[in-house]
Amino acid sequence: MHASPLPNQPAGYVPDAVWSPKSNHGGQFAALNRPESGARFERPLPVGRHPLQLYSQGTPNGQKITILLEELLAAGHDGAEYDAWLIDIFQGEQFGSGFVEVNPNSKIPALVDQSATPGIRLFESGSIMVYLAERFGAFLPIEPRARAQTLNWLMWQMGAAPFVGGGLGHFYAYAPMKIEYAIDRYAMETKRQLHVLDTHLARHEFLAGDQYTIADMAVWPWYPGSLYGVYNAHAFLQVEQYTHLLRWYTAVGARPAVDRGRRVNRSNGAPGQFLRERHDASDFDALQR
């Protein structure tokens with residue numbers, strides 16, 4: 001007696017011998033996704049008056065950079081003044097020629113440091129954070145053990161987040177069909193990651209120990225920020241059970257620079273909670289009026 005066939009979705013699906021893109025496979029980002037890289041249209045990037053030009057959107061990855069920049073300014077590093085230009089990834093603006101020239105991978109965030117000639121082009125959020133921390137000598141300890149711990153957790157976040165965003169977030173919030181196997185697989189891994197953080201933060205004030213660093217700024221928008229925000233999966237994953245993580249999350253979120261940084265380059269939300277572009281510190285004042 002033959003075993004019953006697996007309940008493939010869609011029913012009867014078997015992978016082709018050689019993959020080819022579908023003409024209509026549904027999903028929120030289906031019209032944007034292609035299997036090749038490169039610019040799709042000509043559009044130069046705008047350039048403002050500050051040394052640092054950020055091209056981004058207020059997703060968890062984008063928030064990492066604006067939080068760091070606001071923290072640098074709050075710490076007195078005037079050279080960290082920046083222009084933050086909105087790149088609307090839902091409209092495909094990351095495929096413009098100017099953006100692709102800075103980041104050939106067509107992902108936000110991207111940054112150009114205009115204080116050098118020619119400007120220094122940076123992409124990948126972790127790379128940008130290390131560059132800025134080293135450039136201003138802040139939020140990345142120089143003591144070897146503390147520095148190692150900071151980079152450990154920064155790299156952990158960079159490697160772990162795709163399971164949350166591209167995995168759980170996609171299949172739970174964005175996919176055109178609910179696939180139990182996919183959601184269960186990524187929910188399992190996301191909860192394991194939350195437990196990793198909760199266990200560590202039971203014994204440490206911040207991720208690198210007793211110092212607030214770029215590691216905290218990188219992890220905060222994702223864990224559990226993205227689960228409360230863009231993916232709305234906090235109840236599904238019972239985030240409230242991770243009490244040590246939530247203690248840290250609340251403490252970091254109470255920092256004024258974090259509150260400012262999380263608002264930048266967002267294009268939706270409650271009035272006063274988002275700032276499409278940021279070109280001066282006074283831009284935040286307008287949100288209160």
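This is a short dialogue on reading a predicted model, from the whole fold down to one loop residue.

User: Where do I start? What does the secondary structure of the protein come to?

Analyst: Start with the inventory. The model is predicted. The protein has 10 helices and four strands. Then read the order. From the N terminus on, the elements run β-α-β-α-β-β-α-α-α-α-α-α-α-α. The radius of gyration is 20 Å, close to the 19 Å that the globule rule gives for 289 residues, so the protein is as compact as a globular protein of that length.

User: Which other whole-chain numbers help?

Analyst: Take the box, the burial and the surface. Along the principal axes, the C-alpha atoms fill a box of roughly 75 × 50 × 40 Å. Of the 289 residues, 45% count as buried. The exposed area is about 15000 Å², and carbon and sulfur atoms supply 55% of it. Sequence separation of contacts is another handle. Among contacts between residues at least 6 apart in sequence, 67% join residues at least 24 apart.

User: Now the strands. In which sense do E1 and E2 pair?

Analyst: Look at the bridges. Strand E1 (residues 52-56) pairs with E2 in the parallel sense, over five bridges. Gln 53 has Asp 83 as its bridge partner in E2. Tyr 55 stands opposite Trp 85 of that strand.

User: And which strand pairs with E1 in the antiparallel sense?

Analyst: Strand E3 (residues 110-113) does, over four bridges. Here Gln 53 stands opposite Val 112.

User: What do E1, helix H1 and E2 make together?

Analyst: For a strand, a helix and a strand in succession, check the hand of the crossover. E1, helix H1 (residues 60-74) and E2 make a right-handed β-α-β unit.

User: How many residues of E1 are buried?

Analyst: Count residues, then sort them by side. In E1, five of the five residues are buried, so the strand is largely enclosed by the rest of the structure. Leu 52, Leu 54 and Ser 56 point one way, and Gln 53 and Tyr 55 point the other way.

User: What about the two faces of E2: which residues lie on each?

Analyst: Tyr 82, Ala 84 and Leu 86 lie on one side, and Asp 83 and Trp 85 on the other. Both faces are covered. Five of the five residues of E2 (residues 82-86) are buried, so this strand is also largely enclosed by the rest of the structure.

User: How do I check a helix? What should the span of H5 be?

Analyst: Compare the expected span with the end-to-end distance. At 1.5 Å a residue, the 22 residues of H5 (residues 180-201) should span 32 Å. The end C-alpha atoms are 31 Å apart, which agrees.

User: How do I read burial along a helix?

Analyst: An α-helix has 3.6 residues a turn, so residues three or four places apart point the same way. Now the case here. The buried residues of H5 include Ile 183, Tyr 186, Thr 190, Gln 193, Leu 194 and Leu 197. Their cover includes helix H4 (144-174), helix H6 (214-219), helix H7 (225-228) and helix H8 (243-253).

User: One loop residue to finish. Is Thr 213 buried or exposed?

Analyst: Use relative accessibility, with under 20% as the cut-off for buried. At 1%, Thr 213 counts as buried. Thr 213 sits in the loop between H5 and H6.

User: Which residues does Thr 213 touch?

Analyst: Leave out residues up to four places away in sequence. Thr 213 then touches Phe 139, Pro 141, Thr 150 and Ala 208.

Definitions and conventions
Residues are numbered from 1 along each chain as its sequence is written. This is a predicted model: local features need pLDDT of at least 70, side-chain atom pairs count only at pLDDT 80 or more; totals for chains, interfaces and linings use all residues. Side-chain values use heavy atoms; hydrogens and water are left out. The expected span of a helix is 1.5 Å times one less than its number of residues. Buried means under 20% relative accessible area, exposed over 50%, partly exposed in between (1.4 Å probe, protein chains only). Contact means heavy atoms within 4.5 Å. Two strands pair if DSSP finds at least two bridges between them. A crossover is right-handed if, with the strands pointing away from the viewer, the path from the first strand over the helix to the second runs clockwise. The radius of gyration is taken over C-alpha atoms; the globule rule is 2.2 Å times the number of residues to the power 0.38. Accessible areas come from the Shrake-Rupley method with a 1.4 Å probe; for residues, only the protein chains shown count as cover.
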